[in-house]
Protein chains: 2
Amino acid sequence: MKIWLNGMIQDIAGIDATDRGFLLADGLFETLAVQDGVPLFLDRHVARLTASAATLRIPFERPMEDIRSACMITLRENDLTEGPASLRLTLTRGSGPRGLALPKDPSPTFMVTANLASTPAHKPMRLMIPRGRRNQASPTANLKTLAYIDQVLAKQEALDAGFDDALMRNTRGDIACASAANFFCWHQDRLLTPPLSDGVLPGITRQLVLEIAAELGWDAGERTLTPGMITEMQGAFLTNALIGLTPISAIGETNLPTGPRLEELHEKYSARQAEAAGHHR
Amino acid sequence: MKIWLNGMIQDIAGIDATDRGFLLADGLFETLAVQDGVPLFLDRHVARLTASAATLRIPFERPMEDIRSACMITLRENDLTEGPASLRLTLTRGSGPRGLALPKDPSPTFMVTANLASTPAHKPMRLMIPRGRRNQASPTANLKTLAYIDQVLAKQEALDAGFDDALMRNTRGDIACASAANFFCWHQDRLLTPPLSDGVLPGITRQLVLEIAAELGWDAGERTLTPGMITEMQGAFLTNALIGLTPISAIGETNLPTGPRLEELHEKYSARQAEAAGHHR
């Protein structure tokens, strides 16, 4: 595996032990789907990364074309220019002196890595509500920071119990999201997803689904969802860049129908993906 | 700067880009005070690291004497065998395939780094209550994981406002801890610190203070502390391995007295440190 690190293709053993991304999770990342060498919705991912970096005060002024070029080089160097693949962009505050205070003159680390992926199967997933809660009252609740240990534990708790993923509540007890995906459901004929204030990421696929639902003229939007609503849900699905829209067949002991409208949503989303892939061919 | 990484002294650029510590904050650390080449309370720090690793299911079976030796070598290689210094032990789950699920056969990363330190000045600190909350409902609330980004932001918010550190509340609104230190106060003639269930680390210095208070026969223990109690506090201080016991002179707009008993506590703590330093000389 080759990585693109601060402008150079190199071997994986290249991160400084003093990098604050490694020492303090002081950084951000993006995960993108790739089809035949084309990173999908790269502009949206870079826009989110740029906005999040500004919130964390990590300098990030790399031109879009440099980022696209870094992605292309990384895919080529790893022989991933055909079929489905994934890319990860990682941005950290770089090295600094000991302690938490921000370094005066930061030199951020920007890394691009690529992995083989399979076409999403969209096999229905069974979710479990884990013990741990998501912190909606954190200043990083809406940022894709490197601090993923709680999600790692939530996912593993679900896997250990024979489920496919975790459906995390926030500390108020409301439904937030899966370990690495946004949550949508149909409830009283409305398509709903938790608002950002409930402690979820502004997912790129989440946003696309909301846009498509608006185009279709559906009654759709953000609403706080409680565990008590699960038995009333007419269907539910998860979204992220890699799994696309994946139906949920059960949450805990409650089985859920697929929902007849998922197929229509999925077709529109696939069309958007194809358009995004064609645009940069 | 030289680091000790998985048994070898090497240059700082040695962490794999696929290390889950770097990618997902999937790891733990310890920070220790060092006096004249002797790591203080190393046995307690290693015991906490070992227990936390078991909770996270990161294999860690390195013998105590190997760890002590790694610390000594790291201090020597960095010319830090005289005067005050600090050590950091970092343990991660190591590299793994893409995704959150735990790797089947993990190969953990264990790193020891050393830094120059100054003798703690115990200069009274002014604290500010930041916007972000600490998540007492997280499975890692009592573990010193690598996920420190929220504490970085809390600290910086306080520094930007002209304070020395942040005093974080949990999502219930109760007082938890500073960005990297436990909180103690005197209230109605009792010495109090928040219980672990309020989302704080089981600090080594925190434990030593509770032990010393018990030896002295003081009325001391764990209790949930609310921001409303701040104006009633008869004194307060922060504890961690590097700052020892440092008095708090103000929380927000409320000035606090030093508390006459801090001096006595501090003497006992210094004696414990000297004993710990002498024990391994």
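In which sense do strand 6 and strand 7 of chain A pair, and over how many bridges? Strand 6 of chain A and strand 7 (residues 109-116) of chain A pair in the antiparallel sense over eight bridges. Strands pair here if DSSP finds at least two bridges between them. Helices (H or I, at least four residues) and strands (E, at least two) are DSSP runs, numbered from the N terminus.

The model is predicted: local features need pLDDT of at least 70, side-chain atom pairs count only at pLDDT 80 or more, and totals for chains, interfaces and linings use all residues. Residues are numbered from 1 along each chain as its sequence is written, chains are lettered from A and ligands numbered from 1 in the order in which they are written, and side-chain values use heavy atoms, with hydrogens and water left out.

Strands 6 and 7 belong to an open sheet of six strands in chain A, with the order 2-1-7-6-4-5 and antiparallel pairing. Strand 2 (8-11) and strand 5 (38-39) of chain A are the edge strands, each pairing on one side only. Strand 6 (residues 84-92) of chain A is mostly covered, with eight of its nine residues buried. Buried means under 20% relative accessible area, exposed over 50%, and partly exposed in between (1.4 Å probe, protein chains only). Strand 4 (residues 27-35) of chain A pairs with strand 6 of chain A in the antiparallel sense over nine bridges. In that pairing, Leu32(A) stands opposite Leu87(A). Thr90(A) stands opposite Met111(A) in strand 7 of chain A. Strand 1 (residues 2-5) of chain A and strand 7 of chain A pair over two bridges, also in the antiparallel sense. There, Trp4(A) stands opposite Val112(A).

Two helices lie across strands of chain A. Helix 2 (residues 42-56) of chain A crosses strands 4, 5, 6 and 7, running at about 180° to strand 4 of chain A. Helix 3 (residues 64-77) of chain A runs at about 40° to strand 7 of chain A. These angles run from 0 to 180 degrees between N-to-C directions, with axes fitted as lines to C-alpha atoms, for helices over the stretch in contact.

Salt bridges (a side-chain nitrogen of Lys or Arg within 4 Å of a carboxyl oxygen of Asp or Glu) come to 24 over all chains. Glu30(A) and Arg48(A) form one, the closest N and O atoms being 2.8 Å apart. The pair links strand 4 and helix 2 of chain A, 18 residues apart. Both Glu30(A) and Arg48(A) are buried. Within helix 3, Glu65(A) bridges to Arg68(A) at 3.7 Å between the closest N and O atoms. Glu65(A) is exposed, at 51% relative accessible area, whereas Arg68(A) is buried, at 9%.

Chain A can be laid on chain B with an RMSD of 0.0 Å by a turn of 180° and a shift of 0.0 Å along the axis. That is the relation of a two-fold axis. The superposition is by least squares on the C-alpha atoms of residues with pLDDT of at least 70 in both copies. The contact (heavy atoms within 4.5 Å) takes 57 residues from each of chain A and chain B. Together the chains bury about 4,600 Å², 67% of it on carbon and sulfur atoms. Buried area is the accessible area (1.4 Å probe) that two parts lose on being put together, summed over both. Two salt bridges cross this interface.
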